[in-house]
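Let's take a walk through this structure together, one region at a time. Keep the sequence and the 3D view open as you read.

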Amino acid sequence: MENEVKLTAGAMVTLGIAVSALIVMPYIQVSDVKPPEGLKPYTSAQLRGRSVYIANGCVYCHSQQPRDRSFAPADAERGWGRVSVPGDYYYDNPHLLGSMRTGPDLFNIGVRQPSMDWNLGHLYQPRAYVPGSIMPSYPFLFEVKDKADPDEVVVKLPPDYQPQNKVVVARPEAVDLVKYLQGMNHTYPILPPEPKGGAAPKAGQ
């Protein structure tokens, strides 16, 4: 009986330490984070596109968190941008950090690929733009028609992938998804937080 009590107590202490280290302390550290000056809230179209991103499982293959050079030098060499900070995710709910990199990190995809045409075409047929890509195509986000309506967005595909005598039209979900991707631009400067309990030190101090 005494051993059972010790075992239970040890398990509870271990659980308490794990919860404190993995949940409580990180929450305290970021609970007062403010959005960086250059970060803008999502537009309604970007929020809809974010929902499409989640619904199609993009987070399973793409991350949104470039890491420090000392931890992962390849992130910087690939041109994925500066290291992310907690404030970058101020408007994200839920966060879509991702843990897999089957595809490239998308933290700054809006800078690397700002074109609506490129992104729509890439969603329709990735291998038309990135030979050998293993990314799945998303034809259900598009419609192949004889003629597009005036208010529809026509996808400009390379000649080899353009349906003969047809046009590929992006559904609203595809357009919203691309607007979400275009909004991923985290090139604004990040200033270090002011030290707690006093003003920031002056230059030269």
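Residues are called buried when their relative accessible area is under 20%, exposed when it is over 50%, and partly exposed in between. With that in hand, keep in mind that you are looking at a predicted model.

A good place to begin is the cysteines. Cys 61 has a relative accessible area of 32%, so Cys 61 is partly exposed. Cys 58, on the other hand, is buried, with a relative accessible area of 13%. Are these two joined by a disulfide, or are they apart? A disulfide is a covalent bond between the sulfur atoms of two cysteines. For Cys 58, the closest cysteine sulfur belongs to Cys 61 and sits 8.4 Å away, which is too far for a bond. Cys 61 is likewise in no disulfide, its nearest cysteine sulfur being that of Cys 58. The structure as a whole holds zero disulfides.

Next, turn to the aromatic rings. The structure holds seven aromatic pairs. One of them is formed by Tyr 53 and Tyr 180, which meet edge-to-face with 5.3 Å from centre to centre and 70° between the planes. This pair links distant parts of the chain: Tyr 53 is in helix α2 (residues 44–55) and Tyr 180 is in helix α6, 127 residues apart. Tyr 53 counts as buried because its relative accessibility is 1%, and Tyr 180 counts as buried at 1% too. Ring pairs also bring in Tyr 42, making a cluster of Tyr 42, Tyr 53 and Tyr 180.

Another edge-to-face pair is that of Tyr 124 and Phe 142, with 5.3 Å between the centres and 80° between the planes. Here helix α5, which holds Tyr 124, is linked to strand β1 (residues 142–145), which holds Phe 142; the two residues are 18 apart along the chain. Tyr 124 has 16% relative accessibility and therefore counts as buried, and Phe 142, at 4%, counts as buried as well.

Helix α6 deserves a second visit, since Asp 176 is also placed there. Is this residue buried or exposed? At 9% relative accessibility, Asp 176 counts as buried. Leaving aside residues up to four places away in sequence, Asp 176 touches Ala 45, Arg 48 and Gly 49.

Now look for Phe 107, in the loop between α3 (73–77) and α4. Its relative accessibility is 1%, so Phe 107 counts as buried. Apart from residues up to four places away in sequence, Phe 107 touches a list of residues that includes Ser 63, Pro 66, Arg 82, Tyr 89 and His 186. Ser 84 is also among the contacts of Phe 107; the C-alpha atoms of these two are separated by 8.2 Å, although they lie 23 residues apart along the chain.

Our last stop is the second largest pocket, which encloses about 570 Å³ of space. Among its 26 lining residues, those closest to the centre are His 62, Gly 103, Pro 104, His 122 and Met 135. Which helices supply at least two residues each to the lining? They are α4 (109–112), α5 (116–124) and α6 (172–182). The largest share, four residues, comes from α5. Sorted by class, the lining of this pocket has 16 nonpolar, nine polar and one charged residues.

Terms used:
Residues numbered from 1 in each chain as written. Predicted model: local features only at pLDDT ≥ 70, side-chain atom pairs only at ≥ 80, totals over all residues. Heavy atoms only, no water. 1 Å grid on protein atoms, 1.4 Å probe; cavity = no way out; pocket = protein on both sides within 12 Å on 5 of 7 lines; lining within 4 Å. Points joined across faces, edges and corners; volume = space filled by probe spheres on them. Nonpolar A, V, L, I, M, F, W, Y, C, P; charged D, E, K, R; others polar. Phe/Tyr/Trp six-rings, centres within 6.5 Å; stacked < 30°, edge-to-face > 60°. Buried < 20%, exposed > 50% of the residue type's maximum accessible area, 1.4 Å probe, protein only. Disulfide = S-S within 2.5 Å. Contact = heavy atoms within 4.5 Å.
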